[in-house]
Amino acid sequence: MTDIRTEPDTATAELIDAEAAHVAHNYHPLPVVVARGEGSWVSDVEGRRYLDLLSAYSALNFGHRHPALVAAATEQLGRLTLTSRAFHNDVLGSFATALAELAGKDMVLPMNTGAEAVETGIKVARAWAYRVKGVPTDAANIVVAAGNFHGRTTTIVGFSDDPQARDGFGPFAPGFRTVPYGDAAALAAAIDEHTAAVLIEPIQGEAGVVIPPDGYLRAVRELCTEQRVLFIADEIQSGLGRVGTTFACDREGVVPDLYLLGKALGGGILPLSAVVGDRDVLGVIHPGEHGSTFGGNPLAAAVGRVVVDMLASGEFQSRATALGDHLRDRLEGLLGSGVTAVRVAGLWAGVDIDPEIGTGREVAERLLGRGVLVKDTHGQTIRMAPPLVIRATEIDWAVEQLKVVLAG
């Protein structure tokens with residue numbers, strides 16, 4: 001399908017050098033320059049094709065340039081793109097109504113990025129603690145999980161245990177307690193009368209698609225209900241069809257007090273995030289206390305409305321379930337042959353590479369040479385998050401490329 005590539009050609013190298021010279025070095029991209037995308041495939045500046053198994057960290061759940069999403073964006077571009085929330089627009093209400101219905105909640109607070117959604121969730125939880133629960137001013141705490149990744153603002157990295165994200169960026173905001181992920185007993189011990197919320201990822205993405213033990217999410221829900229604490233689920237990567245259900249919390253039949261959404265909500269076209277909850281929680285935020293100039297803009301809302309409609313059909317959740325089973329079967333066939341562990345939830349996989357084969361980064365670079373795009377994390381793990389429009393035959397081909405790479 002794709003010629004094996006060894007070194008970047010001149011045109012690619014020049015573009016990479018230009019980026020390195022003038023773009024801050026806050027990323028370490030693989031040496032490919034993408035110029036076009038459609039469905040599950042992208043092409044570089046030389047016309048070589050690559051199967052995209054990253055989907056921009058799940059922002060491209062519906063693939064590159066999905067026709068329905070492009071049509072919605074194009075139509076809205078021709079009418080109105082931005083008003084700010086100083087005025088109403090004719091799209092936001094429809095989007096919020098549909099998203100609230102999809103989540104089974106009352107209200108939506110729209111923002112732009114995932115990190116903004118998390119910051120918003122933190123503010124809402126603290127306001128709720130002070131105004132509803134009666135926690136003394138500035139005494140609220142929020143319990144988080146070790147191994148978390150919720151974004152890169154200074155507040156958020158302050159409760160990260162990843163030294164690369166955290167070291168050198170303090171001092172950090174107080175008010176967070178960290179417990180082991182998946183340990184309900186440790187969580188119960190950390191909650192006290194001043195706890196405002198428990199903030200967790202139902203499945204930890206950046207950590208390497210770490211799936212908690214069965215029953216953990218139910219235990220979180222029960223503890224939060226018993227202790228009168230908000231359960232905030234960061235579904236920014238795991239939600240919106242990725243794991244075979246609309247939300248990863250659906251896998252255990254639990255409903256958090258607040259959903260934090262982003263990435264795929266913008267259809268892979270533009271940033272769009274949201275906090276979704278009921279009126280008795282989100283209603284604690286009053287005019288002037290929180291906002292964003294671009295949050296809820298009509299262009300994003302128009303695309304987001306179509307995303308919600310696509311999810312409401314259930315088609316993409318069904319595809320993620322069936323194709324995820326297929327992906328698991330193929331990946332588990334590599335265990336003992338350069339792969340030490342596989343974790344799969346829907347179309348989302350963490351694959352641990354035997355150190356004798358190389359690092360996750362090295363395997364990702366070798367896969368790039370064979371026309372497959374993945375991303376490494378935490379040294380020995382590669383993540384796969386194919387667009388939900390991928391075909392089984394494409395999964396087969398990609399795993400075959402991984403098999404070749406592992407064999408040396």
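These questions and answers test the terms used for this predicted model.

Author: Local features need pLDDT of at least 70, side-chain atom pairs count only at pLDDT 80 or more, and totals for chains, interfaces and linings use all residues. Residues are numbered from 1 along each chain as its sequence is written, and side-chain values use heavy atoms, with hydrogens and water left out.

Reader: How do you know that the radius of gyration agrees with a compact globule?
Author: The rule is 2.2 Å times the number of residues to the power 0.38, with the radius taken over C-alpha atoms. For 408 residues a compact globule would have a value near 22 Å; the protein chain has 21 Å, so it agrees.

Reader: Why is the pair of Trp41 and Trp397 called tilted?
Author: Rings of Phe, Tyr and Trp (its six-membered ring) pair if their centres lie within 6.5 Å; planes under 30 degrees apart are stacked, over 60 edge-to-face, the rest tilted. Trp41 and Trp397 have 5.8 Å between centres and 40 degrees between planes, hence tilted.

Reader: What makes this pair a tie between parts of the chain?
Author: Trp41 lies in strand E2 and Trp397 in helix H14, so the pair ties together parts 356 residues apart in sequence. Helices (H or I, at least four residues) and strands (E, at least two) are DSSP runs, numbered from the N terminus.

Reader: Which class fits Tyr181 and Tyr216?
Author: Edge-to-face: their centres are 5.6 Å apart, their planes 70 degrees.

Reader: Are Tyr181 and Tyr216 buried or exposed?
Author: Both are buried, meaning under 20% relative accessible area (exposed is over 50%, partly exposed in between; 1.4 Å probe, protein chains only). Trp41 and Trp397 are buried too.
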